[in-house]
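Student: I would like to go through this protein step by step, with the terms explained as they come up. Could we begin once the sequence and structure are in view?

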Amino acid sequence: MVAHTALKGHSGAKLSIEIHDGQQVVRKEAADAARSDRLRAQAAKQEAAFLAGIPCPRVLARSERDDCFHFDMEYLPSISIAQTQIDAVPIDRPALLDFIEQNLERLASGAQGTIPVAQFKAKIDQVRQRCRASNLLADLVPAIDRIMDALEGFDWSGIPASSCHGDFTLENILYNKERGFFLIDFDEVDLSSFYLDAAKLFQDLWGHWCLRELSLGGAGQVALLNAMVNIDGLRASLLKRLARRWPELPAKLLPMVILHLVRVLPYCSRQELAVLVVMRINQMLVEADMHVDPAERSLNGVV
Ligand SMILES: Nc1ncnc2c1ncn2[C@@H]1O[C@H](COP(=O)(O)OP(=O)(O)O)[C@@H](O)[C@H]1O
Ligand SMILES: [Mg+2]
């Protein structure tokens, strides 16, 4: 196998396109031995998804090298949905909404009961402690504590327990000309619910997580404004679609999206990124206090 091109991921895993028997494949390799188990679970989840007919790249091989797990999968030249919004690349929006709804529907069909509220409380406590222990977050601790207090005050009942994708973001939904929309980067998580998958999409669509590099990278106000308008438009149409199918879901989105956002704080490599996340969460809390339907405030965050 010949190393070919590096791909850019966000998890610390090493991704590259390699040539194997004349075919291009993607190799995903754990950054270190400690992260091998998680990647092994990802490969197993992706393989099971492929066999169940869920659109995703076929897993071709797995192997261990120096205690680091890696797996190879089909290479499907593609663009992420996040990138289509940033670059204003036209997509078939109704087809994307169908794709998202069908995947959530499939997960919802196996739902059994709800996740115990105590599990959410334990997770909130764990994240609070992790944030307090981080040197990089030291200046932000008072602001983060206020957010954690708000999180504890939400009603965490009624969130269905079901299987999930685990990291259902706009960066992990890709589009390939021949295969259409497909999923990558499955994750095994401790709180498993299709509601939390839906909330991951709103981490991008409402929390603007997928705009972090654009926001911090000095791409220019026009580029950022353009991306926000595109993202906010997609948010409004997805919210409408999900509210029709799961009328109880919208009221649960705010706490779930904020929980997803605070969970990234201990992993932020730059303080500016943590500040951006805290600011965005505070904007969302103010928005909720004003009892404004996010779908109707399409320019919120821009003005
Ligand atoms: N099978 C694939 N075919 C084409 N591109 C891929 C494939 N798998 C990953 N990529 C590209 O690599 C990027 C990172 O992959 P991902 O598995 O999401 O890594 P991470 O876990 O670091 O987020 C994706 O956004 C996509 O651009
Ligand atoms: Mg990813």
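Tutor: A residue is called buried if 20 or more other C-beta atoms lie within 10 Å of its own, exposed if 12 or fewer do, and partly exposed in between, with C-beta atoms placed from the backbone. This is a predicted model, in which local features need pLDDT of at least 70 and side-chain atom pairs count only at pLDDT 80 or more, while totals for chains, interfaces and linings use all residues. Residues are numbered from 1 along each chain as its sequence is written, and chains are lettered from A and ligands numbered from 1 in the order in which they are written.

Student: What percentage of the 303 residues do buried residues make up?

Tutor: The count runs over the 303 residues in the protein, whose secondary structure comes to 10 helices and eight strands; helices (H or I, at least four residues) and strands (E, at least two) are DSSP runs, numbered from the N terminus. Of the 303 residues, the buried share is 36%.

Student: What is the radius of gyration of the protein, and what does the globule rule give for 303 residues?

Tutor: The radius of gyration is taken over C-alpha atoms, and the globule rule is 2.2 Å times the number of residues to the power 0.38. Along its principal axes the C-alpha trace spans about 60 × 45 × 45 Å. The protein is as compact as a globular protein of 303 residues, because its radius of gyration of 19 Å is close to the value from the globule rule, 19 Å.

Student: Into which domains is the protein divided, and how many residues does the contact take from each?

Tutor: The bounds, which come from an automatic or database domain assignment, give domain 1 (2-74) and domain 2 (79-296). Their centres, taken over C-alpha atoms, are separated by 25 Å. Two residues are in contact if their C-beta atoms, placed from the backbone, lie within 7 Å, and the contact between domain 1 and domain 2 takes 10 residues from domain 1 and 10 residues from domain 2.

Student: Which residues are closest to ligand 1?

Tutor: A residue is near a molecule if its C-beta atom, placed from the backbone, lies within 6 Å of it. The shell around ligand 1 draws at least three residues from each of domain 1 and domain 2, and strand S3 (23-29) and strand S5 (68-74) each supply at least two. Of the 20 residues that surround ligand 1, the closest are Leu 7, Gly 9, Ser 11, Pro 57 and Asp 185.

Student: How many residues of each class has the shell around ligand 1?

Tutor: Ala, Val, Leu, Ile, Met, Phe, Trp, Tyr, Cys and Pro count as nonpolar, Asp, Glu, Lys and Arg as charged, and the others, Gly among them, as polar. Sorted in this way, the shell has nine nonpolar, six polar and five charged residues.

Student: Which helix gives the most to the largest nonpolar core?

Tutor: A nonpolar core is a set of buried Ala, Val, Leu, Ile, Met, Phe, Trp, Tyr and Cys residues joined through C-beta atoms within 7 Å. The largest has 65 residues, and those with the most contacts inside it are Ala 198, Val 257 and Ile 258. With nine residues, the helix that gives the most to this core is H9 (residues 249-264).

Student: Is Phe 202 buried or exposed?

Tutor: Phe 202 is found in helix H6 (residues 194-205). Leaving aside its neighbours within four places in sequence, Phe 202 is in contact with Gly 207, Arg 235, Leu 253 and Val 257. Because 25 other C-beta atoms lie within 10 Å, Phe 202 is buried.

Student: Is Ala 88 buried or exposed?

Tutor: Ala 88 lies in the loop between helix H2 (81-86) and helix H3 (93-108). Not counting residues up to four places away in sequence, Ala 88 touches Asn 226 and Asn 230. Since Ala 88 has 11 C-beta neighbours inside 10 Å, this residue counts as exposed.

Student: What is the phi of His 208?

Tutor: Most residues other than glycine have a negative phi. His 208, in the loop between H6 and helix H7 (212-216), is buried, with 24 other C-beta atoms within 10 Å. Although His 208 is not a glycine, its phi is positive, at about 55 degrees.
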